[in-house]
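Let's take a walk through this structure together, starting from a single side chain and working outwards. Have the sequence and the model open as you read.

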Amino acid sequence: MTSGGPGDPPVRVGVPFADLTAPLFGVIGVLAAIHQAQRTGIGQHVDVSMLGVMTMMVSGEPFDLLERCGVPQRTGLTVPRLAPFGLYRTLDGYVSICAPMEAIAHALFQAIGRPDLISDPRFAVRDARVVNVGELDSIIGAFTGSRTNAEVIAALEEWDVPAAEVRNPEEAARDPRVVSRGETVPLAHPKYGMVEDVYGMGMPIRFSRAEAGFDAPPPGLGEHNDAVYRGLLGYSTERLEELRTQRVI
């Protein structure tokens with residue numbers, strides 16, 4: 001476990017990442033297999049493990065090696081080795097700040113009214129900021145803790161510092177920026193139509209010369225079997241019925 005603070009029990013992640021990300025790798029694998037089949041004429045089985053996908057992602061950073069070098073795996077709301085990076089409390093919530101690179105960190109110092117930190121040897125470069133992360137987080141926390149989310153974000157945006165307020169799922173799903181791009185969408189029930197103020201997943205991919213999105217609710221179990229097996233794959237009516245009898249579909 002890497003989430004949570006030192007000594008905390010395991011922290012449950014609220015989003016089912018394994019369920020959501022394994023299919024993405026399944027799609028990548030299928031597309032790769034199709035591409036190879038088009039070149040070679042040979043098809044193949046694509047196997048994607050949910051456990052493997054999640055473990056691969058955890059292995060994206062050598063957390064165990066970092067801990068051997070004295071860098072703890074579990075650091076709570078901030079990531080000391082990328083200082084300043086993490087969540088900081090405000091008067092009415094939390095904001096996320098990402099400023100590990102020199103130019104962004106220096107812009108952050110300007111935004112919080114502390115340009116003197118740019119030349120301070122404790123904070124001028126990242127290695128020094130990592131060593132002095134406790135002092136740095138206290139300085140940033142003093143700034144954010146005396147202002148509202150909106151005030152902090154406005155100050156940071158003026159200096160192009162990557163930052164965002166921490167929102168709950170209801171606020172996030174209704175963010176006008178993502179709704180306008182179709183990344184979250186009002187949901188329609190296949191039988192009862194639009195459901196008031198209920199939002200769900202949209203399509204987070206934008207194309208320069210094509211439209212992408214969902215033009216119908218998710219199908220019922222087996223609803224499109226005929227269209228897929230007979231229409232796309234060319235199966236006969238007899239073969240389709242045989243698959244149903246065998247409970248393959």
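**From one leucine to the sheet**

Leaving aside its neighbours within four places in sequence, leucine 156 is in contact with Ile97, Leu108, Ala111, Val161 and Ala163. Keep in mind that you are looking at a predicted model.

What does leucine 156 belong to? Together with Ile97, Leu108 and Val161, Leu156 is among the residues with the most contacts inside the largest nonpolar core, which has 24 residues. Four elements each supply at least two residues of this core: strand 2 (94-98), helix 4 (102-111), helix 6 (133-144) and helix 7 (149-158). Which helix gives the most to this core? That is helix 4, with six residues. As a general background, nonpolar side chains in soluble globular proteins tend to be buried together.

Now turn to the sheet. Three strands make it up, in the order 1-2-3; the sheet is open and its pairing is antiparallel. At the edges you will find strand 1 (85-89) and strand 3 (163-165), each of which pairs on one side only. From one strand to the next, the twist averages 20°.

If you would like to look at the pairing in detail, go to strand 2 and strand 3, which are joined in the antiparallel sense over three bridges. Here valine 95 has glutamate 165 of strand 3 as its bridge partner.

Finally, where does helix 6 pack? Helix 6 lies on the sheet, touching strand 1 and strand 2, and its direction makes about 45° with that of strand 1. You have met helix 6 before, as one of the elements that supply at least two residues of the core.

Key
Residues are numbered from 1 along each chain as its sequence is written. This is a predicted model: local features need pLDDT of at least 70, side-chain atom pairs count only at pLDDT 80 or more; totals for chains, interfaces and linings use all residues. Side-chain values use heavy atoms; hydrogens and water are left out. A nonpolar core is a set of buried Ala, Val, Leu, Ile, Met, Phe, Trp, Tyr and Cys residues joined through side-chain atoms within 4.5 Å. Buried means under 20% relative accessible area, exposed over 50%, partly exposed in between (1.4 Å probe, protein chains only). Contact means heavy atoms within 4.5 Å. Two strands pair if DSSP finds at least two bridges between them. Axes are lines fitted to C-alpha atoms, for helices over the stretch in contact, and angles run from 0 to 180 degrees between N-to-C directions.
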